[in-house]
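Trainee: I've got a structure open and would like to talk it through with you. Shall we go piece by piece?

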Amino acid sequence: MRKFIATVLLGTCCLVAELAIAAPPSEHPNIIYLMADDQNLDSVGCYGNPEMVTPNMDALGRDGLIFDRHYNTTAICMASRATVFTGMYEYKTGTNFSHGNMRPEVWAKSYPVLLRDAGYLTAFAGKFGFVVEGRGQNGKPGMCESDFDIWGGAPGQSSYVTKQNRAMAKYAEEYPHSTLSYGAFGKDVIREGVKQKKPFCLSISFKAPHKPATPDPRFDDVYAGITFTKPANFGRENGEHLAPQSRTGREYKQFVDWHYDTNYNGEMRKYYQQIYAIDVAIGMIRDELKEQGIADNTVIIYTSDNGYFAGAHGLASKELSYEESSHGPLIIFDPRSPTAGKQLRSPALTGNIDFAPTILELAGLPIPDNMDGVSLLPLLNDPAADVREQMAFMNVFGNGANTALTVLTKDLKYTYWWYGDSTMQPTEELFHLTKDPMEMTNMATNPEAAPILEAMRKKYDAELDSWKQEAVPYNNYQQFAELFDRTVPWDQKGARKQRNNRTNNEE
């Protein structure tokens, strides 16, 4: 970010499927959804970092539309992936580490299920990221393998060693590191779609660049000898102004444990090298689209499940609402769009809640009423337009003290840190993102910003009201409606007694 200031009802499924299969192919584009794991904005050349070697990501950006205000509404992989598939906020998916698995009725309205019912060939490879209750087979976790026509997924964190990912083992000899194996999988799916003469939806969730850092050695020379520039908000000295609650979780400790304080260059070289391999896999997939003659009818979405601190504010990992963690890359290329190839960018506020609605509209399917997101296709016609005024960000993973709810607009971010004890009090943070993208000035205590603060409080209260009305009644989500209520003093919040019952080591 250094230089970036810059309903479907079940009864209609058969009818929809018949329409999808019978319609001309041009009316039903192929859809490719590609998602990295823990990739921040600073790791992509077209987002303003000249030190990055990401030629295929940059080319995708030139061909398509780059989104400059894209956020993951929960910045941790399990919850984020559940949101991507379903188009709903975490408190409606009911899915996250230390909370619980996804219920089958939630998964039934996910975009892969709806597209397959409509006649699409569906494929998934990589880190599935969560379990759907009751969907396990032979004692294995329920990853819904049977809901895809072609499967290359893996449970848990998956592995960088291709042969250890059972569904991907056939690629291990040529691609022993998993990242490029997903490129090969993508090529095979493209060929199968052409063979069957069916529109396809290919979803790939790369493991890279998630810890433990394991770069593909074939790319050791890409960043050899480079000394990377640290972001302006790097280090503990640039995090002292943040809410004390933000320093109570693993993010603070991992800044040291993962050696960003002492070996920034070495850690970032591994991080960026892993992302370079994703870039190569993107090239493999795009080359195959051209080889098969279907590039002009294939939409590509590229993003990450969340960002990554990498030392910003003296923090590591993700989860928290700050920019490096919540703000992520998004590029959408629809070759049929009037903006394709015009090297345009969108300042609209978008989120991972929007992927499922966007994919469904691309396929010509209605968007279920339960989804919180909206289709981003209008932005491909008019990049200067907006699709919303505000959006929520949430963290309910961690030790309790660092859980919080945030409300975002294109320009502003407000967070209410509810927790208090003998060492800290509940805290408000207000950042002006367009003027202060590094989040170095908390305006919440500035009297001159009082009108803005009050306006953002009202927006926050509206998001909390939605939580109160719509949160699932299971997996410990209802308690946060009380915890996040800024009108209730922390010492009167009875649910706070449960705050330390969760652990931090699942993800």
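Trainee: Let's zoom in on one pair first: which residue in E7 stands opposite Ile301?

Mentor: Start with the strands: E6 covers residues 298-304 and E7 covers residues 330-333. The two run antiparallel, joined by 4 bridges. Across from Ile301, in E7, you find Ile332.

Trainee: Before I go on, how far can I trust this, and what is the average pLDDT of the protein chain?

Mentor: Keep in mind that this is a predicted model. Two stretches call for caution: the pLDDT is below 50 over residues 1-26, which have 49 contacts beyond near neighbours in sequence, and also below 50 over residues 497-505, with 22 such contacts. Still, 91% of the residues score at least 70, and the chain average is 92.

Trainee: Back to the sheet, then. Which strands are at the edges of the open sheet with 8 strands?

Mentor: The pairing there is mixed, and the order reads E4-E3-E5-E1-E6-E7-E2-E8. Neighbouring strands are turned by 15° against each other on average, direction ignored. An edge strand pairs on one side only, and that describes E4 (150-154) and E8 (344-351).

Trainee: Is strand E4 largely enclosed or open, and how many of its residues are buried?

Mentor: E4 pairs with E3 in the parallel sense over 5 bridges, and Phe124 stands opposite Trp151 of E4. Helix H7 (residues 178-196) lies across E3, E4 and E5, running at about 175° to E3. E4 is largely enclosed by the rest of the structure, because its buried residues number 4 of the 5.

Trainee: And the sheet with 4 strands: which residue is the bridge partner of Lys413 in E12?

Mentor: That open sheet has the order E9-E10-E11-E12 with antiparallel pairing, and the twist averages 15° from one strand to the next. Its edge strands are E9 (391-395) and E12 (427-432). E11 (residues 412-417) is joined to E12 by 6 bridges. In E12, the partner of Lys413 is Phe431.

Trainee: Now the inside. Which helix gives the most residues to the largest nonpolar core?

Mentor: This core has 100 residues, and Trp107, Phe128, Trp467 and Phe484 touch the most other members. Looking past residues up to four places away in sequence, Phe128 touches Arg81, Phe85, Trp107, Met143, Cys144, Phe148, Trp151 and Ala154. Another core, of 57 residues, lies apart from it, with Ile66, Leu180, Phe206 and Ile282 among them. As for the top contributor to the core of 100 residues, it gives 6 residues and is helix H3 (residues 77-86).

Trainee: How many of the residues of H3 are buried?

Mentor: Go along the helix and you meet buried residues including Cys77, Arg81, Phe85 and Thr86. Just after H3 comes Gly87, with a positive phi near 70°. The count of buried residues in H3 is 10 of 10.

Trainee: What about helix H11: how many of its residues are buried?

Mentor: H11 spans residues 355-362 and is mostly covered. Among its buried residues are Phe355, Pro357, Ile359 and Leu362. After the helix comes Gly364, whose phi is positive, near 80°. The buried count for H11 is 7 of 8.

Trainee: Asn352 sits in the loop between E8 and H11. Is Asn352 buried or exposed, and what is its relative accessible area?

Mentor: Look at the company of Asn352: leaving aside neighbours within four places in sequence, its contacts are His70, Tyr71, Asn72, Thr73, Thr74, Ser80, Thr83 and Val84. The C-alpha atom of Arg81, 271 residues apart along the chain, is separated from that of Asn352 by 8.7 Å. Asn352 counts as buried, because its relative accessible area is 0%.

Trainee: Last one: are H2 and H9 oblique or parallel to each other, and why?

Mentor: The axes of H2 (residues 55-63) and H9 (residues 264-291) come within 7 Å. The contact involves residues including Pro55, Met57 and Leu60 of H2, with Ile275, Tyr276 and Ile282 among those from H9. The axes cross at roughly 55°, and angles that fall between 35 and 65 degrees are neither roughly parallel nor roughly perpendicular. So the word for H2 and H9 is oblique.

Terms used:
Residues numbered from 1 in each chain as written. Predicted model: local features only at pLDDT ≥ 70, side-chain atom pairs only at ≥ 80, totals over all residues. Heavy atoms only, no water. Pairing = 2+ DSSP bridges. Axes fitted to C-alpha atoms, helices over the stretch in contact; angles between N-to-C directions. Contact = heavy atoms within 4.5 Å. Buried < 20%, exposed > 50% of the residue type's maximum accessible area, 1.4 Å probe, protein only. pLDDT = per-residue confidence, 0-100. Core = buried A, V, L, I, M, F, W, Y, C linked by side-chain atoms within 4.5 Å. Parallel < 35°, antiparallel > 145°, perpendicular 65-115°, else oblique.
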